[in-house]
Structure formats: structure tokens, C-alpha cells
Amino acid sequence: MSETIEKTVHPVETPMTHEMDPRDGGSRDGSTSSAAIEMRRRIVEKASELFHIYGFQKTTVADIARELGMSPANVYRFFSSKAALTKAVAGLVTWQVRQQMQKGMEMPAQTCAEQLRIMVKSHFHYMRDRYTDFRKIHDLLEAAMEEAWDVVQVHKEEERRSFAAVIREGIARGEFPEQDADSAAMLFQHSLLLFFHPALVAETCRCLPEGHQDLLFDPLVDFSIAALRDGRYREVPEEVKRIFTDPSISSAN
């Protein structure tokens, strides 16, 4: 192994590095005072808490307002509808998952391949430990598919861009052969969907004895990384890329 690859990989700067907290923001009338920002954060956090406990369908705007000691009208100062609030909560949940991946990226790694493995494992363990037995959050994510598809798309795209950044670093270091990093990131993500999609994570944990999910993890990641190291695969056609990167196309399918 060459000297450059043996050196510890410094954390690669990715789109997740500088992401804004989705709880931040002002009221619908444009107020961005510290009080308005704090109120919006409280509403999103309380909605997320109640969605987790009681489920998306059973939680109303009135329930959220009552828990916060305010009127529903005050919630509507910040969100035009429950669907808009659901979108904000979906943004918070997916952002928290990406932040967990970012923490994984800050761990020392000897190779870019190891960095990718840590990123996927951080995501998988967070989803498994937090949501496997939490059917209520699955209901929220299913609602997000209907009412906040653009949030889901942004989440997947941010993950792909982060994988692409690490793959480009691996190409620059000579760890991976020359290849289109964006196509590689898309294929890498989809080949390991079992560890990303909450419903698939939960299904895997139900079907396999406890602890066996991790026994499956490394062979599957090895398989995907082997493809990156080989570099001989067909690039994703542009028309297929657009389906995954253009929300208007994706939502229509």
C-alpha cells in the first residue's frame, strides 16, 4: 500500500459540514427576531416529540399548541398548515440523521474506503437504534413521502454529495481509479439501501436475529467498495440521474 493511502484521512469537507439547523427560521410574516426564531424551534421540536409518541395521524395542531401553552393561531403564524409543519419535522429528522453521519466522518480513518464504511455504519446504527421499534416515526416518514417529498429528495441528495466528496478524495489519493464520482456515489448509495431506508432497516432487524444485522453489514459494504476500487461499471445514464436529482420528475413518478 502506498504511503499516501497509509496516512490518516483528514475529515473531508462535505455539504453536511455546513448545513443549517432546519429548526431555525422566522414567522410567516417575515419576522426573524430572536423571539420568533426561538418560538419556531419550540414548535418544530414539540411537533417532532408528539409525532414520535402519538404518531403523525393522531397528533393535531391543537395538540401541539396545547402542549406549548399557546393557541393554534400562534402555531399558524409560523406554519400555514399541518402539512407545512410536517415538512419542517421531516426536515429535522433527516437533518439529525445526516448530522450523525457527519460525526462518523470526524472519526479517524486510514483510507477513504474506511471513511465511507464509517459514514454508512453511523447512519445504519442511528436508524436501527432510534427507529427500528418506533412505528410512529415510520408513519411520519411515509407522510413525508406524500407531503414533503422534496425534503426526502434533499436528504438523499445531500448524502450522495457527501459520498461523492469522499470518493473524489479517494481518486485524488490514488485509492480509487479515475471514475465519475457522482455516478459512483449514486450507485454506492443504492447498493446499500438496506442500511439507509428506515422501513428496510426495520425489516432487516425483524427478519434477522439480534446482532446479525452487523454480520451482514461488512460483506455488503465490502462488495460496494470493491466496485469503487475496480472502477469498471457502467455510468448511470443522464435520464436516470435526473429522476433522482430533480424533485419535479421524481414526485411525478
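# Helix crossings and cores

Colleague: Gly-69, just after helix 3, takes a positive phi of about 70 degrees. What makes a stretch count as a helix here?

Modeller: A helix is a DSSP run of H or I with at least four residues, a strand is a run of E with at least two, and numbering starts at the N terminus. Helix 3 covers residues 61-68. This is a predicted model, where local features need pLDDT of at least 70, side-chain atom pairs count only at pLDDT 80 or more, and totals for chains, interfaces and linings use all residues. Residues are numbered from 1 along each chain as its sequence is written, and side-chain values use heavy atoms, with hydrogens and water left out.

Colleague: How many helices and strands does the chain have?

Modeller: It has 13 helices and 0 strands.

Colleague: Which residues of helix 3 are buried, and what covers them?

Modeller: Buried means under 20% relative accessible area, exposed over 50% and partly exposed in between, with a 1.4 Å probe and protein chains only. In helix 3, Val-61, Asp-63, Ile-64, Ala-65 and Leu-68 are buried. Their cover includes helix 2 (34-54), helix 4 (72-76) and helix 5. Over the whole chain of 253 residues, 46% are buried.

Colleague: Is Asp-150 buried, partly exposed or exposed, and how do you know?

Modeller: Its relative accessible area is 32%, so Asp-150 is partly exposed. Asp-150 sits in helix 8, and its C-alpha is 8.9 Å from that of Lys-87, though the two are 63 residues apart in sequence.

Colleague: How are helix 2 and helix 5 angled to each other, and what makes that the right word?

Modeller: Their axes come within 9 Å and cross at roughly 85 degrees. Axes are lines fitted to C-alpha atoms, for helices over the stretch in contact, with angles from 0 to 180 degrees between N-to-C directions. Under 35 degrees counts as roughly parallel, over 145 as roughly antiparallel, 65 to 115 as roughly perpendicular, and the rest as oblique. So helix 2 is roughly perpendicular to helix 5. Contact means heavy atoms within 4.5 Å, and among the residues making it are Val-44, Ala-47 and Phe-51 of helix 2 and Leu-85, Val-89 and Leu-92 of helix 5.

Colleague: And what about helix 8 against helix 9?

Modeller: Those axes come within 8 Å and cross at roughly 120 degrees, so helix 8 is oblique to helix 9. Phe-163, Ala-164 and Ile-167 of helix 8 take part in the contact, as do Ala-181, Ala-184 and Phe-188 of helix 9. By class, this contact has 8 nonpolar, 2 polar and 5 charged residues.

Colleague: What makes a set of residues a nonpolar core?

Modeller: The members are buried Ala, Val, Leu, Ile, Met, Phe, Trp, Tyr and Cys residues, joined through side-chain atoms within 4.5 Å. The largest one has 30 residues, and those with the most contacts inside it include Leu-116, Phe-163, Ile-167 and Phe-176. Among the elements giving two or more residues are helix 5 (82-105), helix 6 (112-131) and helix 8 (149-172). Helix 6 gives the most, with 8 residues.

Colleague: Which residues does Ile-167 touch, leaving aside its neighbours within four places in sequence?

Modeller: Ile-167 is in contact with Leu-116, Phe-176, Ala-181, Ala-184, Ala-185 and Leu-228. Apart from this core lies another, of 22 residues, among them Ala-36, Val-44, Ala-47 and Phe-78.

Colleague: How much of the contact count comes from residues 24 or more positions apart?

Modeller: They account for 73% of the chain's contacts with a separation of 6 or more.

Notes. Nonpolar A, V, L, I, M, F, W, Y, C, P; charged D, E, K, R; others polar.
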